Amino acid sequence: MKKFIKKILPQPLAQLYWLFKVARIKFITWIPKYNEDELITGHNADFMKDGKFVSAYNSAVKAGLAISDKIHWRAHIICWAALRACQLEGDFVECGVAKGFLSKIIVDYLGFHKISKTFFLLDTFEGFTEKYLTESEKRSGKKAGDYLNSANYEQVKNTFKDYKNVKIIKGAIPDTLPQVVSSKIAYLHIDMNCVIPEIAAAEYFWDKLVPGAVIILDDYGHSGHEEQKCAFDEFAKRKDVSLLCLPTGQGLMIKP
């Protein structure tokens, strides 16, 4: 068949024919194992079958906490980081809580009420604070009170009311950072969609992070968040640590 094609078609067209045929076969036989959140891959995604993970994730979705309910791989990274942090001395901190989707997954996944740690959840619960927006962020359309609304505060309080070791702190970062009354931090998640509060949080907690502590940056590699990425690249350079960009768009640092 291949010799016949070469005879009836000029060489360039014959080559294109076989390239198309191979690509078509591969397309038909290749089925992605994961296709969410701008991430499509045929790589192993067995965490999607992990009963404990699925239960925690679905519980947070059913509670109406998800801004997007299709971020399983990001949540998987979060659970990995939280599980690692359980093996270290120190508390948990999340800066940028929204409705508490990811933090709810963590507390259910870990059974956090049984753990001798405190989980501090910090957010304005009123959207952006104008004085902590850069000029470029304002030009991009971000403004005070945008993105979230104050109703989330009551919702988050209700979500975590049965967790005595979860502390909710309302207000703008960096103003509220001193309210985190912990000298040792094992887990830090930063997701505020604006650069000034994010860098302020990273700087404030850096010396409190125990060796091996994980920092997850939710926005790091996502389109439209280049100013945050540049700021954290510079932060990592100052601290002499590597910053890994994950396929999920998250950034990962580990405290030396």
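**View 1. Phe 125 lies in the loop between β4 and α6.** This is a close-up from a predicted model. Phi of Phe 125 is near 55°. That is a positive value in a residue other than glycine. At 0% relative accessibility, Phe 125 counts as buried. Phe 128 is also placed in the loop between β4 and α6, with α6 covering 135–139. Its relative accessibility is 9%, and Phe 128 counts as buried. Met 192 is 64 residues from Phe 128 in sequence. In space, the C-alpha atoms of Phe 128 and Met 192 are 8.4 Å apart.

**View 2. Strand β4 is largely enclosed by the rest of the structure.** The strand spans residues 119–123, and five of its five residues are buried. Both faces of β4 are covered. Phe 119, Leu 121 and Asp 123 are buried on one side. Phe 120 and Leu 122 are buried on the other. Strand β3 runs parallel to β4, and four bridges join the two. Within this pairing, Val 93 has Phe 120 of β4 as its bridge partner.

**View 3. Seven strands make up an open sheet with mixed pairing.** The strand order is β5-β4-β3-β6-β7-β9-β8. β5 (166–170) and β8 (244–245) stand at the edges. Each has a single partner strand, so one side of each is left without a neighbour in the sheet. Inside the sheet, β6 (residues 185–190) and β7 (residues 209–217) run parallel and are joined by five bridges. Ile 190 stands opposite Leu 217 in β7.

**View 4. Helices α4 and α8 lie across strands of the sheet.** Helix α4 takes in residues 72–86. It lies across β3 (91–95), β6, β7 and β9 (251–254). Its angle to β7 is about 170°. Helix α8 takes in residues 195–206 and lies across β3, β6 and β7. The angle between α8 and β6 is about 175°.

**View 5. Helix α8 carries buried residues from Val 195 to Trp 206.** The buried set is Val 195, Pro 197, Glu 198, Ile 199, Ala 201, Ala 202, Phe 205 and Trp 206. What covers these residues includes β3, α6, β6, β7 and α9. The twelve residues of α8 should span 16 Å at 1.5 Å a residue. The end C-alpha atoms are 16 Å apart, which agrees.

**View 6. Helix α9 has its buried residues on the same side.** Which residues of α9 are buried? They are Gln 228, Ala 231, Phe 232, Phe 235 and Ala 236. These residues cover an arc of only 140° around the axis, which puts them on the same side of α9. They pack against β6, α8, β7 and β9. Cys 230 and Lys 237 are exposed on the other side of the helix. The helix covers residues 226–239 and has 14 residues. From its first C-alpha to its last, α9 reaches 20 Å, close to the 20 Å expected at 1.5 Å a residue. Just after α9, Asp 240 takes a positive phi of about 60°.

**View 7. Two loops hold further backbone features.** Ile 173 and Pro 174 are joined by a cis peptide bond. Its omega is about 20°. Pro 174 is found in the loop between β5 and β6. Asp 37 lies in another loop, between β1 (34–36) and β2 (39–41). Asp 37 has a positive phi of about 55°, although it is not a glycine.

**View 8. The whole chain has nine helices and nine strands.** Of its 256 residues, 49% count as buried. Consider contacts between residues at least 6 apart in sequence. Of these, 73% join residues at least 24 apart. The pLDDT of the chain averages 90, and 86% of the residues score at least 70. Over residues 1–9 the pLDDT is below 50. Beyond near neighbours in sequence, this stretch has nine contacts in the model.

How values were computed:
Residues are numbered from 1 along each chain as its sequence is written. This is a predicted model: local features need pLDDT of at least 70, side-chain atom pairs count only at pLDDT 80 or more; totals for chains, interfaces and linings use all residues. Side-chain values use heavy atoms; hydrogens and water are left out. pLDDT is the predictor's confidence in each residue, from 0 to 100. Contact means heavy atoms within 4.5 Å. Two strands pair if DSSP finds at least two bridges between them. Axes are lines fitted to C-alpha atoms, for helices over the stretch in contact, and angles run from 0 to 180 degrees between N-to-C directions. The expected span of a helix is 1.5 Å times one less than its number of residues. Buried means under 20% relative accessible area, exposed over 50%, partly exposed in between (1.4 Å probe, protein chains only). The arc is that of the directions from the helix axis to the C-beta atoms.
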